[in-house]
Protein chains: 2
Amino acid sequence: MRGNALVIQSGGPTAVINQSLAGVMAASRDYPNIENVYGSYHGLHGLLHENFLDLSLEPVSVWKEIANSPGAALGSARIKPKNSDLERVFNVFTAHNIKFLFYIGGNDSAEAAQLIREEANRLSYDVRIIHVPKTIDNDLMVTDHCPGFGSVAKVVSNIVAGDDLDNRSFYNSVKINVVMGRHAGWIAAATAIAKKGHIDVEAHDEVGPHLIYLPEVDFTLQKFLDDVQNTYDRLGRATITVAEGIADKLDHDKFAGEQDEFGNAQLSGSGQLGDFLSNLIKKNLKFNSTLGNLRCRSDTLGYIQRSLAGMASHIDQTESFQLGSQALHYMMSGETDKMVTLERIPGQTYSCSIGLCDLKLVAQKTKLVPRSMINSQGNGVTEEFYEYVLPLIGDLPEIRALKTPHVEKKLPTYVRL
Amino acid sequence: MRGNALVIQSGGPTAVINQSLAGVMAASRDYPNIENVYGSYHGLHGLLHENFLDLSLEPVSVWKEIANSPGAALGSARIKPKNSDLERVFNVFTAHNIKFLFYIGGNDSAEAAQLIREEANRLSYDVRIIHVPKTIDNDLMVTDHCPGFGSVAKVVSNIVAGDDLDNRSFYNSVKINVVMGRHAGWIAAATAIAKKGHIDVEAHDEVGPHLIYLPEVDFTLQKFLDDVQNTYDRLGRATITVAEGIADKLDHDKFAGEQDEFGNAQLSGSGQLGDFLSNLIKKNLKFNSTLGNLRCRSDTLGYIQRSLAGMASHIDQTESFQLGSQALHYMMSGETDKMVTLERIPGQTYSCSIGLCDLKLVAQKTKLVPRSMINSQGNGVTEEFYEYVLPLIGDLPEIRALKTPHVEKKLPTYVRL
């Protein structure tokens with residue numbers, strides 16, 4: 001088989017989505033039966049409108065920096081192909097002699113790739129299709145983890161590591177960080193890595209995040225308040241991670257005044273969930289007022305999670321590149337209708353091999369955080385999660401909090417007027 | 001003079017505030033007339049309540065990691081000393097034989113240090129006081145720049161660099177990032193550095209941030225909308241930086257429905273300013289609907305700006321350490337009632353010497369971004385700003401956007417049903 005290859009990037013970008021593109025490009029140079037590699041400009045939109053970039057014209061020298069850049073270098077889109085679109089797709093494939101399709105995306109893209117396969121079968125159009133996984137949500141089936149997740153895990157854990165130290169600078173201080181994750185709590189769980197950057201292992205019980213709420217676990221406001229009170233009573237402060245999907249779990253009837261604020265459409269990127277929980281704590285937490293007022297803040301981490309320049313995980317970069325290049329090698333050996341996967345090799349040292357699975361095992365499915373990686377109280381993670389996640393991050397910044405002994409007091413207690 | 005030294009950290013922490021503390025500690029080992037170095041636990045609160053940490057007991061080995069950790073390792077506070085407090089301060093100084101005071105903080109701390117000096121004079125208590133500058137806001141007088149600013153500049157520019165690439169992944173996409181800065185726009189201006197990470201200099205006109213709004217410049221919603229429309233018309237998208245202080249500039253009478261949302265108290269850390277501007281754009285921007293809907297998002301960057309672990313500027317770390325150690329050397333040579341300053345040495349290669357200025361030149365004053373560093377349209381920065389700021393950041397991640405030629409189309413235009 002001989003013809004042109006088309007690469008599509010789809011859905012929300014990640015910090016390493018361009019590594020997979022660069023991997024496809026690098027491997028394509030070994031195969032003369034790939035005439036040109038085109039990039040679909042803005043995903044399926046570009047495919048429907050024949051907006052193709054001729055990536056074969058880019059000099060080899062640009063790909064290192066493209067690969068290191070966040071965002072989808074080809075442009076992305078969030079379009080599901082309709083029946084009428086599928087006919088057009090094959091008109092375009094025919095006109096441009098597209099024989100090899102690489103779909104870099106999540107479970108929605110896997111579904112789109114399947115629809116294109118079904119139409120190809122109906123039309124007896126010969127095209128090979130391989131799906132290259134990409135999602136910060138880490139919620140694809142079969143693969144050990146998803147390219148993009150290691151980097152978002154590194155970003156959110158460095159954010160929470162620093163934020164917890166910032167927060168402990170103040171008395172009576174409670175900080176909530178709302179992270180991405182509607183159905184799966186992988187990103188929320190990853191903030192637990194913040195503890196592991198602390199050199200001083202004895203301090204791990206004191207450093208945050210102290211509480212982590214995942215969509216996989218039942219959530220009630222009373223349990224949440226009890227957890228925060230317990231943490232405050234133990235440490236005089238709290239650093240809390242909440243997955244945005246928690247908003248779907250709130251009992252709207254019980255909190256009628258708030259129910260309009262948690263419509264699904266407004267959830268993502270809005271500060272409402274954090275503000276709501278923060279106000280709840282301000283109203284209910286019993287704190288030591290001799291140390292000052294209660295300080296309660298929330299941040300919604302937003303697009304920085306998937307796009308921060310200069311903080312990608314090296315492992316994640318390498319694996320994303322390898323998945324792209326291996327997808328091409330597999331396709332040239334005749335494989336089609338598959339997703340490339342990461343398979344963790346058991347052993348002392350972390351390593352993954354790159355395998356294949358049927359596309360239909362992935363499309364429209366979601367892998368949740370297993371209960372065994374969530375602690376019994378449902379507000380944190382277990383060692384099993386740390387074993388799973390730590391190899392995906394690379395080095396952590398080495399941080400430390402002071403544990404200095406206090407000097408003996410010499411004066412009567414001071415009561416401030 | 002012989003006695004104990006006391007170090008106070010005050011106000012909002014930075015990513016490098018502990019470097020100055022480590023600098024004081026390192027230099028203190030050279031002077032036997034400093035008996036012990038105490039840290040005031042939670043700023044002035046610790047001073048009033050004799051909550052001192054005996055830092056001399058910490059092993060030398062911990063200071064590297066403490067210095068690299070964000071947050072105030074001693075704990076901070078936001079308390080202004082009252083007259084009744086000042087009497088207590090000197091009871092505590094006397095009881096603990098405090099003869100050397102280091103105040104690491106911003107212009108509020110400089111004022112507190114001045115009040116302590118005046119009380120010392122009244123009581124004829126012999127104490128030396130040196131203020132070590134610290135503020136992400138970069139708004140202290142005399143010093144070329146403030147420790148903490150280089151790191152926040154690096155963080156916000158890496159955020160905006162990645163976010164702009166994420167944003168350009170989508171058609172018709174407008175993104176607003178709200179950054180800290182109530183009165184001075186230094187942090188907002190620093191997001192312009194995002195352009196300079198792009199290897200491809202020709203691309204600098206296309207990459208964001210395309211518009212930057214500083215509190216130093218008049219702001220009207222009509223001018224803002226015109227700017228966004230012009231950027232959209234040129235590029236089909238826009239990445240915008242807004243300093244939080246812009247909220248104070250909004251004409252509340254004209255936008256009566258919104259006026260309650262911009263109370264000063266709620267401004268910081270709330271998403272309201274971003275949401276307000278985002279809604280304004282959604283209502284008013286004329287866009288090409290054949291490419292899809294308008295996508296308009298805002299993020300309020302929050303505490304991550306000053307606390308992100310693992311992304312401090314190396315220059316900033318070094319200078320903050322040197323200011324701490326030099327503050328101690330100056331004090332031991334007899335100096336008091338001064339702030340240590342960074343003085344940029346003219347020349348090809350960036351370097352600063354460490355000088356001194358009178359505390360009263362700094363207290364309660366604010367250094368704004370000079371008009372010559374802001375472009376004529378008032379929505380961006382000039383080369384003069386880049387010359388000022390780039391040496392403070394260190395290396396930028398090297399990123400690149402694709403500029404690939406489009407493939408010739410072969411089919412009739414597709415109209416999607």
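**Group meeting: a two-chain model, starting from one helix**

Okay, let's start on a helix in chain B: on one side of α8(B), Gln222(B) and Arg234(B) are exposed. Before I go on, keep in mind that this whole thing is a predicted model.

So what sits on the opposite side of that helix? The buried residues of α8(B) are Phe224(B), Val228(B), Thr231(B) and Tyr232(B). These four lie on the same side of α8(B), because they cover an arc of only 100° around the axis. If you're looking for what packs over them, the cover includes β6, β7, β8 and α10 of chain B. The helix itself runs over residues 221-235, which makes 15 residues. From first C-alpha to last, α8(B) reaches 21 Å, close to the 21 Å you'd expect at 1.5 Å a residue. Right after the helix comes Gly236(B), with a positive phi of about 80°.

Now let's zoom out to a whole chain. I'll use chain A. There are 13 helices and eleven strands in it. The C-alpha trace spans about 90 × 45 × 35 Å along its principal axes. How does the radius of gyration of chain A fit a compact globule? For 417 residues, such a globule would come out near 22 Å, and chain A has 24 Å, which agrees. On burial, 57% of the residues of chain A count as buried. And if you take the contacts in chain A with a separation of 6 or more, 77% of them are between residues 24 or more positions apart.

How sure is the predictor? Chain A averages a pLDDT of 93, and 95% of the residues score at least 70. The stretch to be careful with is residues 253-266 of chain A, where pLDDT stays under 50. For that stretch the model has ten contacts beyond four places in sequence. For the complex, ipTM is 0.95 and pTM is 0.95.

Next, how do the two chains go together? You can lay chain A on chain B with an RMSD of 0.0 Å, using a turn of 180° and a shift of 0.0 Å along the axis. That's the relation of a two-fold axis. Which residue of chain A comes closest to that rotation axis? It's Gly271(A), with its C-alpha at 2.9 Å.

As for the interface, 78 residues of chain A are in contact with 77 residues of chain B. The largest share of chain A's side comes from α6(A), with seven residues. The copies meet through the same surface, because 99% of the interface residues of chain A are also interface residues in chain B.

Last bit: some backbone oddities. The peptide bond from Gly208(A) to Pro209(A) is cis, with omega near 5°. Pro209(A) sits in the loop between α7 and β7 of chain A. In chain B, the bond from Gly208(B) to Pro209(B) is cis as well, with omega near 10°.

Then there are two residues with positive phi that aren't glycines. Glu50(A) has phi near 55° and lies in the loop between α2 and β3 of chain A. Gln364(A) has about 60° and is found in the loop between β11 and α13 of chain A. Are they buried or exposed? Glu50(A) has 23 C-beta neighbours inside 10 Å, so it counts as buried. Gln364(A) has 11 C-beta neighbours inside 10 Å, so it counts as exposed.

That's it from me, thanks for listening!

Definitions and conventions
Residues numbered from 1 in each chain as written. Chains lettered and ligands numbered in written order. Predicted model: local features only at pLDDT ≥ 70, side-chain atom pairs only at ≥ 80, totals over all residues. Helix = DSSP H or I, 4+ residues; strand = E, 2+ residues; numbered from the N terminus. Rg over C-alpha atoms; globule rule 2.2 N^0.38 Å. Buried ≥ 20, exposed ≤ 12 C-beta atoms within 10 Å, placed from the backbone. Contact = placed C-beta atoms within 7 Å. Expected span 1.5 Å × (residues − 1). Arc of directions from axis to C-beta. pLDDT = per-residue confidence, 0-100. Least-squares fit on C-alpha atoms with pLDDT ≥ 70 in both.
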